[in-house]
2 protein chains.
Amino acid sequence: MHITYEEERKLVTGILTAADFPAEDAEIIAKVIAHSDFTGVYSHGLSRLTRYMRQIKAGSLNPRPNFRKVLDTGAVMVFDGDNGSGIVSLNRAYDELLPRAKACGIAMATGRHNANIGCGSYYGWRAAADGMVALVCCNTYAFTSPFGGADRLIGTNPIILGVPAGEAYPIVMDISTTFVAMGKIQAAEREGQSIPDTWAKDYDGAPTTDPAKAFSLSPIAAHKGYGLAVMVDVLSTMFSGACFGSDIGLFSKLEKENTGFCLILIDPAKFMPLGDFKAEVDRYAGMMKNGRRAPGVEEIFLPGEIEYRRFEKMKQTGFEVSEALSKELTELSVTLGAIEAGSDFAGLVARFAEET
Amino acid sequence: MHITYEEERKLVTGILTAADFPAEDAEIIAKVIAHSDFTGVYSHGLSRLTRYMRQIKAGSLNPRPNFRKVLDTGAVMVFDGDNGSGIVSLNRAYDELLPRAKACGIAMATGRHNANIGCGSYYGWRAAADGMVALVCCNTYAFTSPFGGADRLIGTNPIILGVPAGEAYPIVMDISTTFVAMGKIQAAEREGQSIPDTWAKDYDGAPTTDPAKAFSLSPIAAHKGYGLAVMVDVLSTMFSGACFGSDIGLFSKLEKENTGFCLILIDPAKFMPLGDFKAEVDRYAGMMKNGRRAPGVEEIFLPGEIEYRRFEKMKQTGFEVSEALSKELTELSVTLGAIEAGSDFAGLVARFAEET
């Protein structure tokens with residue numbers, strides 16, 4: 001069934017509150033989850049909730065963490081997430097870093113003991129809306145190997161950039177440093193399809209086309225993607241004390257992720273009037289978009305433009321929740337005692353939509 | 001013939017001084033050029049000197065620029081290179097940024113109106129030796145297109161990381177955001193070989209295997225490499241006022257490059273004792289190196305390790321300058337009046353080796 005952006009936010013807030021998250025934290029996570037679904041990144045949307053609940057049950061995701069700042073020298077800070085949601089930790093780190101970046105021109109926050117930060121582009125959007133340039137990265141559950149290696153020691157390690165614009169859409173890049181996510185390989189396995197030999201390697205470290213044999217994800221561009229993933233590891237873990245390599249918890253065993261993040265904010269207004277900066281970003285975007293196009297290409301997009309447009313469109317049409325996911329979330333809510341047994345998804349959405 | 005590291009530095013310093021560079025600037029450039037050859041990055045070594053001379057003659061490279069700081073708010077600075085060597089500009093920016101990064105924990109310098117910064121890994125080495133983490137990038141002559149586009153609007157836009165280590169080699173990543181450099185395609189053309197269809201696109205923006213038809217370089221990993229190249233453009237040009245897109249000079253016409261750079265330095269010692277940081281980098285390197293290896297792989301390397309080892313080895317063996325390059329540099333030196341007509345390369349090397 002279709003649900004609206006506001007309905008999804010209230011639904012997720014309700015479910016997470018029932019799962020013992022403080023209301024304020026639940027609202028932060030709900031906003032990022034709805035952002036994910038409404039920009040088309042379904043892997044980090046409503047479909048994640050069941051996994052979060054399993055992690056809470058296993059004791060690897062702490063809904064009521066003692067989030068605290070462990071270092072603060074002005075322009076650099078370190079936060080300990082106490083194995084709470086990385087979404088909450090990173091947003092709170094952002095809250096504290098923003099005035100520092102405005103004061104200094106550039107500032108950096110890192111975090112340790114966190115679970116997943118959710119849909120990375122959210123932080124790029126947030127910075128762009130605040131007139132800031134953001135560089136964000138985090139290490140994740142280890143699913144890839146060092147170049148030439150076979151053990152899983154490195155995560156999909158995304159890199160995110162957010163840049164404010166004027167008339168144009170903000171430039172927001174959100175890329176993982178592996179070709180694909182493990183979910184895409186599992187989907188191929190379910191469909192009985194083979195995978196390109198660039199996507200993954202088998203247990204021994206050899207490229208494979210059999211999704212069932214895929215053990216480690218291949219980095220983008222061979223040694224270059226490996227280098228970028230190492231860069232993310234360094235920025236996310238070395239300054240924060242977060243886990244890396246074989247110290248990271250195992251995804252399959254629902255262990256504590258214990259990963260880290262790095263957030264660097266730069267204030268364009270320290271360099272020039274913000275309007276001038278945004279005008280130059282607009283000019284850049286126009287130059288890229290108005291160039292000659294390759295065969296079959298109807299329009300050239302800047303990084304993130306497709307997601308901004310999709311969000312605008314989906315805010316009108318709503319998000320289509322699949323039958324399976326509707327059922328999964330309804331059952332989850334019954335288990336949490338958030339709604340009576342026998343209820344359906346429409347009832348669940350209505351139940352939380354009523355709340356202010 | 002073989003020349004030693006010291007001989008190469010003196011040779012380049014001598015040639016550049018003869019070409020009107022101030023001695024101090026010539027020494028900086030010579031160090032980066034020798035670094036390039038002695039780490040095996042021959043494309044940015046001695047082979048570049050002839051191009052520099054042509055650029056000077058064309059008025060697009062200024063050997064005696066009025067390098068100046070145009071913005072300084074403490075943690076962020078902007079430099080104008082007056083179209084001098086980007087190598088000199090970036091090194092001088094580094095000199096000024098280092099104490100700021102040590103004071104603030106993180107600091108950022110950008111530059112405009114610069115020519116090429118030379119071998120990127122040099123700056124990673126420099127930071128690592130200073131116990132600093134460096135993120136460096138620059139935009140370059142435009143040889144690639146936005147994703148889906150056909151015009152040349154984006155450079156090979158390298159990303160460089162430098163990380164200090166203890167017992168291990170420092171981690172230094174230096175990657176371009178295109179599959180290959182144009183030089184590699186021109187080499188294939190000279191050899192009459194075809195190129196993989198992932199390397200470049202023709203004038204219309206379609207992939208090509210014919211090096212003669214290669215017009216724009218393909219980014220690594222499709223839209224992901226495009227996103228990274230845009231990130232480099234934003235960091236290098238938007239804060240500095242450097243040129244981007246179609247405003248960049250044309251390589252083929254020896255026009256002023258007018259590109260920019262971004263240097264971010266982070267001080268690990270603001271986060272923890274430097275020794276502790278280095279020990280963690282060592283532990284990380286060990287974890288990566290000691291994992292299982294893929295078939296046929298004898299050793300796993302950290303980014304930059306191969307170049308550190310090659311430098312150590314080549315400092316012993318010297319660098320083999322080809323017949324063609326020896327002749328080219330000798331003729332160049334005669335033209336500059338640095339040595340008499342009829343001299344050979346050995347005489348040229350000896351001429352400058354004598355100087356202190």
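**Close-up views of strand β5 and of the contact between chains A and B**

**View 1. Strand β5 and its partner β6 in chain A.** In this predicted model, strand β5 of chain A runs antiparallel to strand β6 (residues 159–163) of chain A, and four bridges join the two strands. Within this pairing, A:V136 stands opposite A:I160 in β6(A).

**View 2. Strand β5 and its partner β10 in chain A.** Strand β5(A) is also joined to strand β10 (residues 259–266) of chain A, by six bridges, and these two strands likewise run antiparallel. Here A:L135 is the residue of β5(A) that stands opposite A:I264 in β10(A).

**View 3. The two faces of strand β5 in chain A.** In a regular strand the side chains alternate between the two faces of the sheet. In β5(A), A:V133, A:L135 and A:C137 point one way, whereas A:A134, A:V136 and A:C138 point the other way, and all of these residues are buried. Because six of the six residues of β5(A) (residues 133–138) are buried, the strand is largely enclosed by the rest of the structure.

**View 4. The side of chain B that touches chain A.** In this view, 59 residues of chain B are in contact with 58 residues of chain A. The elements that give two or more residues to this side of chain B are β3 (76–84), β4 (106–114), β6 (159–163), β7 (171–175), α7 (223–238) and α8 (274–289) of chain B. The largest share, eight residues, comes from α7(B). When the residues of this side of chain B are divided by character, 39 are nonpolar, 11 are polar and nine are charged.

Key:
Residues numbered from 1 in each chain as written. Chains lettered and ligands numbered in written order. Predicted model: local features only at pLDDT ≥ 70, side-chain atom pairs only at ≥ 80, totals over all residues. Buried ≥ 20, exposed ≤ 12 C-beta atoms within 10 Å, placed from the backbone. Pairing = 2+ DSSP bridges. Contact = placed C-beta atoms within 7 Å. Nonpolar A, V, L, I, M, F, W, Y, C, P; charged D, E, K, R; others polar.
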